[in-house]
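Open the model in your viewer and keep the selection tool at hand. The stops below go from the interior to the charged pairs.

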Amino acid sequence: MDRGREGKNTVNKGIEKQNGILYYCIRKGYLMQLTQLEYLIAVEKYGSISRAAREMYTSQSSISTSIKNLETELGVELLRRGPKGVNITEEGRYILESAKIINRHMEDIKSVRKKIDGQIKGNVVAGGEGYCCMNILGNTAMALKERYPEIQVTLKGSNQRQIFSDLSDGAMDMGVFQINKFTSKYVRAKIENKHLACWDILKSHLVVGVSRSHPLYGRDKVTVEDLIPYEIVTGFARAEDLIYWSLFCEMQKRGYTRPITCLGDVGVSRLYAIKRNCIQLVPKVSLDMTNHLFSTPLYPIEIDQYYELNYLLVHREEAFGEAQEIFLDEVLKYLESCQDEE
């Protein structure tokens, strides 16, 4: 999947740059070793040959000889040596720019074998808001463990505010939460303001969940008026949360006088709905995900007014390494069968 990441397809641009010395050298058939380019990158990164040697667990003479051989082969000076150390020459910076591109893509090539063998290592910290989000992350983590046992996943159940805080502080790599048409503009602006990135990973909508013994069971669709005689429970802390408030206000206009029971947990509200034989107002995807947990399933009934919900995966771009990329791929794979039908 194309994530639009910078650098994924830049190797050809770097090599084919007509005024780039490396392009000239490749065209002329010069043979250079990857270690020579890696040593040049290390010298530029650490500021000296001696420190580069320490960091790469090799000798100064190995790096010096390797770079001198590269200079001889290319016919240009890459490093200017002096009493205060070494500096990259202008020609050297041309080579360095393309060497970094080649090095990045060589790492990508090496990682293919690791992915096949499940040898990718890393740590992923992800957080979710509510049962549905934690279910997505939890099932992803279990599937990931089988294929990539060296990737360690830490999951945090959290609310939207805490997810934003943890992402900003670097305590979390990615978070999943639910938005709707009333909160979308604000949340997306907040994501942009905090310099985060996001994926729309899942779309769902509100449905009425009832047991077989409920009077509405067997209906394909209900109107707002059809809901008025019955007690309603949700898995959120307050009726004002998310899109429920919009439906609640519409029902009040049409004569609904009961409070909506808000228990703050989808699982608890499911038990409540089963025990009291009342309606659970719930995102369809969340209903699908919880049915297997209970001996008494609830059946979805569509509401004649469509209340759409979206699930976002928010992340820090700088925190996305191989392990995070693989985790996101697994999230999307898990959700392929969960999407609402168009």
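Leaving aside neighbours within four places in sequence, which residues is Ile-151 in contact with? Select Ile-151 in this predicted model and display its surroundings: the contacts are Ile-120, Lys-121, Gly-122, Val-124, Leu-144, Lys-145, Ala-323 and Ile-326.

**The largest nonpolar core**

Next, add Ile-201, Leu-202, Phe-327 and Leu-335 to the selection. Together with Ile-151, these residues touch the most other members of the largest nonpolar core, which has 27 residues. Colour the elements that give two or more residues to this core: strands β3 (122–128), β5 (174–180), β6 (197–210) and β12 (308–315), and helices α7 (130–147), α13 (284–290) and α14 (322–335). The largest share, seven residues, comes from α14. Apart from this core lies another, of 22 residues; to find it, select Ala-42, Val-43, Ile-63 and Leu-70, which are among its members. In soluble globular proteins, nonpolar side chains tend to be buried together.

**From α7 to α14**

Stay with α14 and select Glu-330, then Arg-147 in helix α7. Their side chains meet in a salt bridge, with an N to O distance of 2.6 Å. The two residues are 183 apart in the chain, so this pair links distant parts of it. Glu-330 is buried at 7% relative accessibility, whereas Arg-147 is partly exposed at 41%. Add Lys-333 to the selection: Arg-147, Glu-330 and Lys-333 are linked in a network of salt bridges.

**A helix and a loop**

Move to Arg-276 in helix α12 (residues 266–276) and to Glu-231, in the loop between α10 (224–227) and β8 (232–234). A salt bridge joins their side chains at 3.0 Å, N to O, and the partners are 45 residues apart. Is Glu-231 buried or exposed? Glu-231 counts as buried because its relative accessibility is 14%, under the 20% cut-off. Arg-276, at 49%, counts as partly exposed.

**Glu-77 and Arg-80**

Now select Glu-77 and Arg-80, whose side chains form a salt bridge at 3.3 Å, N to O. Glu-77 is partly exposed at 37% relative accessibility; Arg-80 is partly exposed too, at 47%. The whole structure has twelve salt bridges.

**The whole chain**

Finally, zoom out and show the cartoon. The protein has 14 helices and twelve strands, and 46% of its 342 residues count as buried. Of the contacts between residues at least 6 apart in sequence, 75% join residues at least 24 apart. With the surface switched on, the accessible area comes to about 18200 Å², 48% of which belongs to carbon and sulfur atoms.

How values were computed:
Residues numbered from 1 in each chain as written. Predicted model: local features only at pLDDT ≥ 70, side-chain atom pairs only at ≥ 80, totals over all residues. Heavy atoms only, no water. Helix = DSSP H or I, 4+ residues; strand = E, 2+ residues; numbered from the N terminus. Buried < 20%, exposed > 50% of the residue type's maximum accessible area, 1.4 Å probe, protein only. Contact = heavy atoms within 4.5 Å. Areas by Shrake-Rupley, 256 points an atom, 1.4 Å probe, with all protein chains shown as cover. Core = buried A, V, L, I, M, F, W, Y, C linked by side-chain atoms within 4.5 Å. Salt bridge = Lys/Arg side-chain N within 4 Å of Asp/Glu carboxyl O.
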